[in-house]
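Visitor: I'd like a close look at one small part of this model. Could you take me through it slowly, and then show me how the rest fits around it?

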Amino acid sequence: MTAATDGTRPGPRPSKRDAAARERNLTRVQARVASQQARAQFAETLDALEDKLNVPKQIGLRTERARVKLRAFYEERPVAAITAAAGVAVAVGGLVWLVVRAKLED
């Protein structure tokens, strides 16, 4: 390796003014990079908040999860799933019957 290629070449040293200008430029680059990173993090945070506060989207996601779980339950235990569905239907039917009966008596 020669003195010209290893970066320790003797020669005129940069002046304090040049060093200060180089430091300012480096600081500006660092500030630009930091602001770009902050913008990216802020955008990610806003996207996460938008997803969390989007009620129709959340309902859709939870409905899909429930569908998948119910389908898996039916595939594992079909008799229990059918019995549970029949029980829910009877409960809903009974509740509707009670509400209609109460309204007719008024």
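Visitor: Which backbone oxygen lies 2.7 Å from a polar atom of the side chain of Gln58?

Guide: That's the backbone oxygen of Asp51. A pair like this is a polar contact: N or O atoms within 3.5 Å, where, within protein, one must be able to donate a hydrogen and the other to accept it, and residues adjacent in sequence count only if both atoms are side-chain atoms. Before going further, a word on ground rules: this is a predicted model, local features need pLDDT of at least 70, side-chain atom pairs count only at pLDDT 80 or more, and totals for chains, interfaces and linings use all residues. Residues are numbered from 1 along each chain as its sequence is written, and side-chain values use heavy atoms, with hydrogens and water left out.

Back to Gln58, then. Gln58 sits in helix α2, residues 55–76; helices here are DSSP runs of H or I, at least four residues, and strands are runs of E, at least two, numbered from the N terminus. Setting aside neighbours within four places in sequence, Gln58 is in contact with Asp51 and Lys52, contact being heavy atoms within 4.5 Å. Gln58 counts as buried because its relative accessibility is 19%; the cut-offs are under 20% relative accessible area for buried, over 50% for exposed, and partly exposed in between (1.4 Å probe, protein chains only). Buried residues make up 2% of the 106 residues in the chain.

Asp51 has another partner, Lys57: their side chains meet in a salt bridge, 2.9 Å from N to O. The term means a side-chain nitrogen of Lys or Arg within 4 Å of a carboxyl oxygen of Asp or Glu. In general, side chains of opposite charge can pair when their charged atoms come close. Lys57 is partly exposed at 37% relative accessibility, and Asp51 is partly exposed at 34%.

The structure holds three salt bridges. Another one joins the side chains of Arg67 and Glu64, at 3.4 Å from N to O. Those two are three residues apart in helix α2, so about one helical turn separates them. Arg67 is partly exposed at 45%, and so is Glu64 at 39%.

Over in helix α3, Arg101 forms a salt bridge with Glu105, with the closest N and O atoms 3.5 Å apart. They are four residues apart, about one turn of the helix. Arg101 is partly exposed at 41%, while Glu105 counts as exposed at 59%.

Helix α3 covers residues 78–105 and includes Val96, which is partly exposed at 46%. Val96 joins Val88, Val92, Val100 and Leu104 in a nonpolar surface patch of about 470 Å². Patches take residues with over 30% relative accessible area and no salt bridge, joining like charges within 9 Å and nonpolar side chains (Val, Leu, Ile, Met, Phe, Trp, Tyr) within 5 Å.

Zooming out, the chain has three helices and zero strands, in the order α-α-α. It exposes about 9900 Å², with carbon and sulfur atoms supplying 62% of that; accessible areas come from the Shrake-Rupley method with a 1.4 Å probe, and for residues only the protein chains shown count as cover. As for confidence, the chain averages a pLDDT of 87, and 89% of the residues score at least 70; pLDDT is the predictor's confidence in each residue, from 0 to 100. Among the elements, helix α1 (residues 16–53) has the lowest mean pLDDT, 87, and α2 the highest, 95.
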